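Me: Please take a close look at one sheet in this model. Walk me through how it is built, then set it beside the rest of the sheets and charge pairs.

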Amino acid sequence: MSKYKQELLSYLLAHQLDYVSGQKLAEHFNISRTAIWKVIESLKSQGYQFESINNKGYRITSLPNHWDSDLLSYLLQDSIFQQQFVFEEVTSTQTVAHELSMKYDEPLIILSELQTAGRGRFKRPWDSKADKGLWMSLVMHPNISYQQIATFNLFMSIAIAEAIKKVAQLDPKIKWPNDIYINNKKICGFLTEIAGDSDGVHTIICGIGININHTHEDFDEKLRQTATSLKIESKAILNRYTFIETLIESIEQYYKLFLTQPFSEVKGVYKSYSMIWDRILRYTEGDKQIYGKAIDLKDDGVLVVLDDTGELHQFISADIEV
């Protein structure tokens, strides 16, 4: 029945403006009208809403508000991420992604409504409320050198910023190397972890957290000073399915560029999104901490910072306080 459910859903979504009779669906899929009814009832239980009119048939009128694996599969049917795992709750999509990457050799999406132990860079916790944001990990298998992986986050930052700009009509900025801000408040962070051997990197696991439909009240009092959401900034509720479809398309575009082009080809685009230029900021990398102004971004992704004594510093992945 699950096979028919996916195929029936795809058919109804492709004909969403039309009424389709149960008899026509039964003939199209070569199954009984009772089987059609059972599938539609199953879809209703998942949050799909239908209008049904005698002598005309069925029509989908509303889609689920929560993440639904069948709808995600339909939207991403042309994506490289054909293996999708959708959960109601996990400790962290990144943890699940590590486990699943040992079982599958193809690209994966791991998506959850809620994370109980979401984490970002430097093992910082990430608040991941249900039905509000996008908590996702992607598994990719690039087979690249360790040297090349240094610019992966920079390509992905552009991809995320451009998806936000397209869907929400906002002006996102990148805090090097990979945090996304709007109006000087953080809206997205992501964590990249790799696995490899003596031949190079064979697996990238990229965990992405984006605040989409949060209100001010969804953040604790401390976070309200530093965090924001697409809803807060655009003053509109965003369709999370529209966003994830656009985001995955953008990620695939820049992932392909990452595999085939040097960072120098998109460095100008990255710098146009950057929020760190012409600002005295604090940079921390390991035990090293300085105050300085970013003056250059090299083709290998290394950031060059000038401190107040005139000394130049190079950072690979510093924590920057804005």
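Reply: Two strands count as paired if DSSP finds at least two bridges between them. The strands themselves are DSSP runs (E, at least two residues), numbered from the N terminus. Keep in mind that this is a predicted model: local features need pLDDT of at least 70, side-chain atom pairs count only at pLDDT 80 or more, and totals for chains, interfaces and linings use all residues. Residues are numbered from 1 along each chain as its sequence is written, and side-chain values use heavy atoms, with hydrogens and water left out.

Now the sheet. Five strands make it up, and it is open. Their order is S13-S12-S11-S10-S14. The pairing is antiparallel. Which strands stand at the edges? They are S13 (312-315) and S14 (319-321). Each has a single partner strand, so one side of each has no neighbour in the sheet. On average, neighbouring strands here are turned by 45 degrees against each other, with direction ignored. Such angles are taken between axes, which are lines fitted to C-alpha atoms, and run from 0 to 180 degrees between N-to-C directions.

Take the S14 edge. Strand S10 covers residues 280-285. Three bridges join S10 to S14, and the two run antiparallel. Within this part, Thr284 stands opposite Asp319 of S14.

A charge pair sits on these two strands as well. Arg282 and Glu321 meet through their side chains in a salt bridge (a side-chain nitrogen of Lys or Arg within 4 Å of a carboxyl oxygen of Asp or Glu). The N to O distance is 2.3 Å. Arg282 belongs to S10 and Glu321 to S14, so the pair ties together parts that are 39 residues apart in sequence. Arg282 has 26% relative accessibility and counts as partly exposed. Glu321 is partly exposed too, at 44%. The scale is simple: buried means under 20% relative accessible area, exposed over 50%, partly exposed in between (1.4 Å probe, protein chains only).

Next, strand S12, residues 303-307. Leu306 lies in S12. Its relative accessibility of 32% makes Leu306 partly exposed. Leu306 also helps form a nonpolar surface patch, together with Ile295 and Leu312. The patch comes to about 250 Å². Patch residues have over 30% relative accessible area and no salt bridge; like charges are joined within 9 Å, nonpolar side chains (Val, Leu, Ile, Met, Phe, Trp, Tyr) within 5 Å. Areas come from the Shrake-Rupley method with a 1.4 Å probe, and for residues only the protein chains shown count as cover.

Now the other sheet. Seven strands form it, again open, in the order S3-S4-S5-S9-S8-S7-S6. Here the pairing is mixed. The edges are S3 (83-90) and S6 (173-175), and each pairs on one side only. From one strand to the next, the twist averages 20 degrees.

S4 shows the mixture well. On one hand, S3 and S4 are parallel, paired over seven bridges. Gln83 has Leu108 of S4 as its bridge partner. On the other hand, S4 (residues 108-115) and S5 (residues 133-140) are antiparallel, paired over five bridges. Leu111 faces Met136 in S5 across that pairing. Seven of the eight residues of S4 are buried, so the rest of the structure largely encloses this strand.

S7 brings us back to charges. This strand spans residues 179-182 and contains Asp179. How far apart are the C-alpha atoms of Asp179 and Gly189? They are separated by 4.7 Å, although the residues are ten apart along the chain. Asp179 is buried, with a relative accessible area of 6%. Lys186 forms a salt bridge with Asp179, and the closest N and O atoms are 3.4 Å apart. Lys186 is partly exposed at 22%.

Finally, the overall charge count. The whole structure holds nine salt bridges. One of them joins Glu51 to Arg59, at 2.7 Å from N to O. Glu51 is partly exposed at 28% relative accessibility. Arg59 is partly exposed as well, with a relative accessible area of 22%. Return to the pair in the five-stranded sheet: its member Glu321 is partly exposed at 44%. Elsewhere, Lys175, Asp179 and Lys186 are joined into one network by salt bridges that share partners.

Key
Helix = DSSP H or I, 4+ residues; strand = E, 2+ residues; numbered from the N terminus.
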